[in-house]
Amino acid sequence: MVFVSVQSRSGSVLAEKLDVDGETVLDLKKAFQKQFPKYYPDRQRLTIDKTVLYDKDSLEQHNIKDNTVITFKDLGPQISWRNVFIVEYFGPLFIHPLFYCCQKLFYKSVVEHTPVQKICFLFIMIHFLKREFETICVHRFSNNSMPVKNIFKNSFHYWILSGVNMAYWIYRPGFASGHIPAVTSTYSEVSNLLTHIILRNLRPAGTRVRKIPYGYGFNHVTCPNYFFETLGWVAICLLTGSISSYIFTIVAFAQMYQWAVKKRRNYIKEFGDAFPKQRTAIIPFLL
């Protein structure tokens with residue numbers, strides 16, 4: 001048991017002698033929540049001299065003892081990353097069937113869907129159902145949550161760009177364009193799933209452990225999951241020929257490229273010479 005002092009970032013004392021009966025930072029957060037009930041653990045950001053204290057860290061690891069001063073920041077109402085992804089991917093799963101099945105509502109007429117529309121609808125539904133499955137059963141998240149207010153910005157990409165933006169134009173009466181073998185999209189979806197499973201197996205449940213991934217897709221690319229994701233959307237672009245598909249794919253690739261470059265930089269910083277420098281960020285041999 002230790003007694004610590006918790007202050008705000010402005011320096012005002014919030015808890016002069018906080019009784020912490022436990023050995024981890026999570027125990028410390030729970031003790032703080034007892035005094036301030038609205039600040040549940042995921043809403044708290046605790047630091048010592050700008051060093052972030054993570055839930056699984058031990059108090060001893062940060063030399064926390066009696067009278068240690070800890071700085072508190074309120075992160076605001078939080079939502080778990082798992083729930084964020086579930087909400088994001090639900091958008092296209094709701095919007096595409098709406099436009100596909102309710103032609104009269106949006107286009108004032110009802111006609112037989114073209115083969116391209118049927119294939120595109122099938123591929124898009126499979127893609128986002130797979131993403132929901134991965135969110136629930138495969139992914140292990142390094143961070144527990146994010147501010148609730150950010151979910152609206154995050155959801156715009158899926159609900160509007162890949163939802164309304166694509167669905168309205170692709171399912172309009174008489175739309176028919178492009179051709180690409182179904183095997184391309186199938187290959188992309190399966191490959192994306194395999195890389196996600198590899199990443200899952202690198203991190204034991206409930207930890208923030210980071211390791212260098214090896215195996216399928218990782219020999220030449222730091223983030224093959226992003227590469228296969230992009231390849232799948234390029235297939236949709238070629239299938240539909242729709243500008244709306246190209247807009248979504250370009251925006252998605254730009255964001256994934258930034259994430260991939262950051263991940264590659266972090267791998268090099270953390271693992272040094274152990275990380276294979278020949279791996280590009282997202283596209284084999286190029287980027």
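Which residues does Ile124 touch, not counting residues up to four places away in sequence? In this predicted model, the partners of Ile124 are His96, Met166, Tyr171, Trp233 and Ile236.

**The nonpolar cores**

Ile124 belongs to the largest nonpolar core, which has 36 residues. Six members touch the most other members: Ile124, Phe128, Met166, Tyr171, Trp233 and Ile236. Five helices, α2 (81-101), α4, α5 (150-170), α7 and α8 (243-271), each supply at least two residues of this core. Another core lies apart from it. That core has 18 residues, and Val6, Leu18, Ala31 and Phe32 are among them.

**Overall build**

The protein has eight helices and seven strands. Its C-alpha trace spans about 75 × 50 × 30 Å along the principal axes. Of the 287 residues, 44% count as buried. The exposed area is about 15,500 Å², and carbon and sulfur atoms supply 61% of it. Consider the contacts with a separation of 6 or more: residues 24 or more positions apart account for 73% of them.

**Strand pairing**

Strand β5 (residues 69-74) pairs with strand β1 (residues 2-8). These two run parallel and are joined by four bridges. In this pairing, Ser5 stands opposite Val69. Strand β5 also pairs with strand β3 (residues 44-48), here in the antiparallel sense, again over four bridges. Thr47 stands opposite Thr71 of β5.

**Helices α6 and α7**

Do the lengths of these helices agree or disagree with the span expected at 1.5 Å a residue? The table sets out the values.

| Helix | Residues in helix | Expected span | End C-alpha distance |
|---|---|---|---|
| α6 | 21 residues | 30 Å | 31 Å |
| α7 | 17 residues | 24 Å | 24 Å |

For α6, the end C-alpha distance agrees with the expected span. For α7, the two values agree as well.

Helix α6 covers residues 182-202. Its buried residues are Ser185, Ser188, Glu189, Ser191, Asn192, Thr195, His196, Ile198 and Leu202. An α-helix has 3.6 residues a turn, so residues three or four places apart point the same way. What covers the buried residues of α6 includes α4 (115-137) and α7 (224-240).

Is Ser185 of α6 buried or exposed? Ser185 has a relative accessible area of 6%, and buried means under 20%, so Ser185 counts as buried. Ser185 touches Phe123, Gly232 and Ala235, leaving aside residues up to four places away in sequence.

Helix α7 is mostly covered, with 13 of its 17 residues buried. Just after α7 comes Gly241, which takes a positive phi of about 65 degrees.

**An annotated stretch**

The UniProt record, an unreviewed entry, carries the annotation "transmembrane region" for residues 231-254. In the model, the chain over residues 231-254 is 92% helix and 0% strand. The end C-alpha atoms of this stretch are 13 Å apart. Gly241, with its positive phi of about 65 degrees, sits just after α7, and helix α8 covers residues 243-271.

Technical notes. Residues are numbered from 1 along each chain as its sequence is written. This is a predicted model: local features need pLDDT of at least 70, side-chain atom pairs count only at pLDDT 80 or more; totals for chains, interfaces and linings use all residues. Side-chain values use heavy atoms; hydrogens and water are left out. Two strands pair if DSSP finds at least two bridges between them. Buried means under 20% relative accessible area, exposed over 50%, partly exposed in between (1.4 Å probe, protein chains only). Contact means heavy atoms within 4.5 Å. The expected span of a helix is 1.5 Å times one less than its number of residues. UniProt positions are given in the numbering used here, feature names are shortened, and annotations may be inferred rather than shown by experiment. A nonpolar core is a set of buried Ala, Val, Leu, Ile, Met, Phe, Trp, Tyr and Cys residues joined through side-chain atoms within 4.5 Å. Accessible areas come from the Shrake-Rupley method with a 1.4 Å probe; for residues, only the protein chains shown count as cover.
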